[in-house]
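Q: Please take a close look at one part of this structure and describe how its strands and charged side chains are arranged.

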Amino acid sequence: MSELSGMFVLKPESVTDITFVAKVDSSSLLRKPNMKWLKGKWLDLGSKAGKHLQFKEVYDRNTKVCVFILIIKVVDGDAGGYRCEVTSKDKCDSCTFEVSVQGRSGDRQSYYCHLPFCKKHKEVVVEEVDVWEILKAAKPCDYEKIAFEYGITDLRGMLKRLKNMRKKVEPKITDAFLRKLDSAYSVDKGKKIQLSVELADPNAPLKWLKNGQEIKPSAKYVFESVGNKRTLTINKCNLSDDAAYECVVEEEKCFTEVFVKEPPITITKLLDDVHTVVGEKVEFEVEVSEEGANVKWMKDGVELNRETAGSKYRFKKDGKRHILIINEATTEDIGMYYVFTNGGESKAELEVEDKELQVLQSIADLTVKAAEQAVFKCEVSDEKVTGKWFKDGVEVLPSDRIKMTHIGRTHKLMIDDVKPSDAGDYTFVPDGYALSLSAKLNFLEIKIDYVPRQDPPKIHLDTSATGSKNTITVVAGNKLRLDVEITGEPAPTVCWMKGGEVRKNRKHSHHSPHTHSNVVSEAEGRVRVETRKTLSSFVIEGAEKEDEGRYSITVTNPAGEDKVELFVRIVDVPNPPENVKCTSVGEDSGTITWDPPAFDGGVPIKGYLMERKKVGSSRWTKLNFDVYESTTYEAKKMIEGVLYEMRVFAVNGIGISQPSANSKPFMPIAPTSEPTRLMVDDVTDTTCALKWRPPERIGAGGIDGYIIEYCIEGSDQWVQANEEPVGKNQYRVKGLPVGEKMLFRVVAVNIAGRSPPVTLTQAVTIREIMGQRCLSPIRLPRHLRNKLVKFVGEKVNLVIPFQGKPRPVVTWFKDGVLLEDNTVGTRTSEVDTIIFIRSAERTHSGKYTLSVQIENMSDSADIYIQVVEKPGPPIAVRVTEVWGFNAALEWKPPKDDGNCEIIGYTIQKADMKTKDWFTVYEHNRRPSCTVSDLVMGNEYFFRVFSENICGLSDEAGISKNTALITKTGLDYKPPPFREMDVNRSPKFTAPLVDRCVVAGYAAAISCAVRGYPKPKIIWMKNNMIIREDPKFLMQNNQGVLTLNIRKPSTFDGGRYSCRAINDLGQDEVECKLEVREPQKTLSAVVSLNRMIY
């Protein structure tokens, strides 16, 4: 560490395992300072953050001090010089320190350095060090650490130069290893692996290295030493263990590579089927077992990727989730979509239907008076649909008095200050649909005649537009406003009643036949009456079911009375359907039933909409877009063995109900296949014992049991023997008629129903065999009557049936001797015996004898087993004669014929120049041959493979001598060799190019030069030579010259030139470098600093 200066209060000392803390006073700074930790000249430690290097920042708002912490978990490679740099706008400061590694230290120490800022920048004097002298004295395992410490990036060039420097003092290599490491090892992720060598000297010291770094013993790396054998065990291998390993004994090494294989990626969440309409967004989502895994998407056998999919498909990764997005679905996207990983696959079907527009609320006829506002309103199912308004076939354009709005699914036409010319037929036409909504605007003219007489009151109420006389229908939640015109002189008194209840009572105070008084309206409550001159309005805000009933309006004055009764009917969407359940299932279908809703909303039910989903999924799939009228539906295209749930929506003229409760989960399943191997086990005078094997195909529904049926031979009347299904694979049928011939059959039963039956091929006579002892001859299966040939390593599993009563005694012999081989197993039941060999060897060849015996009766059968393998190579292969372009070969048969006959030989030739092998003969039966068409001047050697029924031998017999095809009369004199002069003066093949860069971002300029001897390169700025400056890094890679400028500022701009010089001349190129400031305002910087602090 350098001496204390005026800038540092405390500097770190050189220690072994440390935590460095830098405190920065930011009270005078406009923005938070930036800290950068460096090793050597260029290596930024921020890119190496992890368990080895950790960075922390703490800000104290009271003292305005920023604390920066660097924690180094020291290993051998961390030794060297470090530097920390603090920058804030135009201020900067730095300090250096050393880390030396002398051994393990259990304690971590903390050191602090306080960095008050000043405008001066401290210059760091770097002592010149001869790196090559350090490298020549160092061990090879330390090369990478030294290159890292002194900032050498071209490690390959460094090793090449060092090798040339050491050519004269190559160390002597000794034979320290009896057995070296293999060239490569492979291990699965999470498993352990052992690397072992054998040493010539058991006492020789040994070191293990990983990527050039010495490995220390730990729980992960275990060292073992037994005699002269040394073993390295790596436990719980992960991807970081995929590296190059070395074993070093004194000056000798052996190398190997360890490859860590990752486990296959499996699919944990399958794809869901999607049913949508044209134009909608579709997402297929799948979840895999590992993050960052690669998956492959396919549609109908065609791969989908970013190059071929274009803008139609988008691919998204979110941790373990992978999503395929179709922005706007069309009918061309219908099909089956697949996703594949290296450990599984999933598929889902996409169904797309044409979009239909539904009218949720149509426009209604209006009757308005002069100077009032007319509002036409409609609502459609798609909020994205636009449209146009027409009056008497002419498009309506907006103006100061006419306004058109589109908010969500609602479209409105508003006409202010209505005039007689506004009366007519108005139509709304949605864009892109063959649909129109029409209504009529009636203009009401009010004429008041003043007569000096009394007129009886009169109620002018027109309900013809509602469809039924004096009945008004209102959708629940909507507003009802019933305007009733009232005439009479003097002004009548209005009374609204519901049943016998008075709702509103308004009485005019003046009774003059020529005078009308304005009465203040009582706008109170949700249900109210409003009166304006000769108009009485009955208003219901947010209609509810309780508002339904009979209403009456009564008007009275001295001249008389008038009364009108009307009925208000409240309609709504229906209640959800009830009792949704699955009544039956098939292999890929299910029958669903439900009950109609308890309340139809006051409007007849039009039909139903159905949806289904997989249990555990949150995505519902529509099963129909047109309403379905029945209450029974068969859902199809489901996957067998997967649990599903259903829900149903009811639809009436008002809209769609809420969804019903989910049905109980059900599973599409199919009956099993028929049971197998039905046979008779025992017969008595009234019973018959049967046994059988389970079906070959059971399916997802499993087996609930078996049903046994019987009938008399010649009849088709089958009788069920058991009331409940039996779970075992055997059953005794009782109560059978004595002496009758009976047929039996068995069916498997599960939730999907009965399987096809399996029936006995022959009838069974019901009678008891009293005291009879019998033994049927052993009938060997057809494939065992000849010699059975098996390859080495194959399984042998032979089943030999027999019959006898009582149970026979079974004995196995091999080559006439009782079978006692532990590698050959036998198992015997009442009707058959099994002999099995898990892995056949040639010693298992021979004659196997099966003997069955009942008291003094016995029978036997012989089975011949031959276990074969590939033969050995031929021996004594030699060239016996060479003449012209021919060579004669002879050899002897192999010592090991693989326990079977040699059926031929394969002969190959190769010339001594290329040593490429070519086949000359195949299936040659004799132990000799003649090879023709050899090329003159070449020397050939030969090899021969022997062949039996297992194939060619693994090794070949190679000829001990060669066949030389001599040349005659040819003498080639090559021309003398002239060495080419490669010396040339330097010449730039690629010039420097003018550049404009942004201040604060690394920049580089490049050019290319050629010349021999290798020219000396000089970089200059404004004709001044650039020497050892940490701001500049000069590189030369095979003639490509690069000048790297670290974080240039505006004063780094200017003219840069590169000059190449050798003994034959020189050449020079130059360019202009412009450095500009980033485009940002002072106000943005100040506001950002306020947000930070």
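In which sense do strand β46 and β49 pair, and over how many bridges?

A: Strand β46 (residues 590-595) and β49 pair in the antiparallel sense, over four bridges. Strands, here and below, are DSSP runs of E with at least two residues, numbered from the N terminus, and two strands pair if DSSP finds at least two bridges between them. This is a predicted model, in which local features need pLDDT of at least 70, side-chain atom pairs count only at pLDDT 80 or more, and totals for chains, interfaces and linings use all residues. Residues are numbered from 1 along each chain as its sequence is written, and side-chain values use heavy atoms, with hydrogens and water left out.

Within the pairing of β46 and β49, Ile 592 is placed opposite Tyr 633 of β49. Both strands belong to an open sheet of three strands, whose order is β45-β46-β49 and whose pairing is antiparallel. The edges are formed by β45 (578-585) and β49 (632-635); each has a single partner strand, so one side of each is left without a neighbour in the sheet. From one strand to the next, the twist averages 25 degrees (axes are lines fitted to C-alpha atoms, and angles run from 0 to 180 degrees between N-to-C directions). In general, strands of a sheet pair through backbone hydrogen bonds, either parallel or antiparallel.

The loop that follows β49 takes part in a salt bridge. Glu 349 pairs there with Lys 637, and their closest N and O atoms are 3.8 Å apart; a salt bridge requires a side-chain nitrogen of Lys or Arg within 4 Å of a carboxyl oxygen of Asp or Glu. Because Glu 349 lies in strand β26 (residues 344-353) and Lys 637 in the loop between β49 and β50 (644-652), the pair ties together parts that are 288 residues apart in sequence. Glu 349 is partly exposed, at 22% relative accessible area, and Lys 637 also counts as partly exposed, at 49%. Partly exposed denotes values between the limits for buried (under 20% relative accessible area) and exposed (over 50%), with a 1.4 Å probe and protein chains only.

Elsewhere, the side chains of Asp 241 and Lys 220 meet in a salt bridge of 2.9 Å, N to O. Asp 241 is in the loop between β15 and β16 (244-249), whereas Lys 220 is in the loop between β13 (213-214) and β14, 21 residues apart. Asp 241 is buried, with a relative accessible area of 1%, while Lys 220 is partly exposed at 23%. Over the whole structure, a search finds 40 salt bridges.
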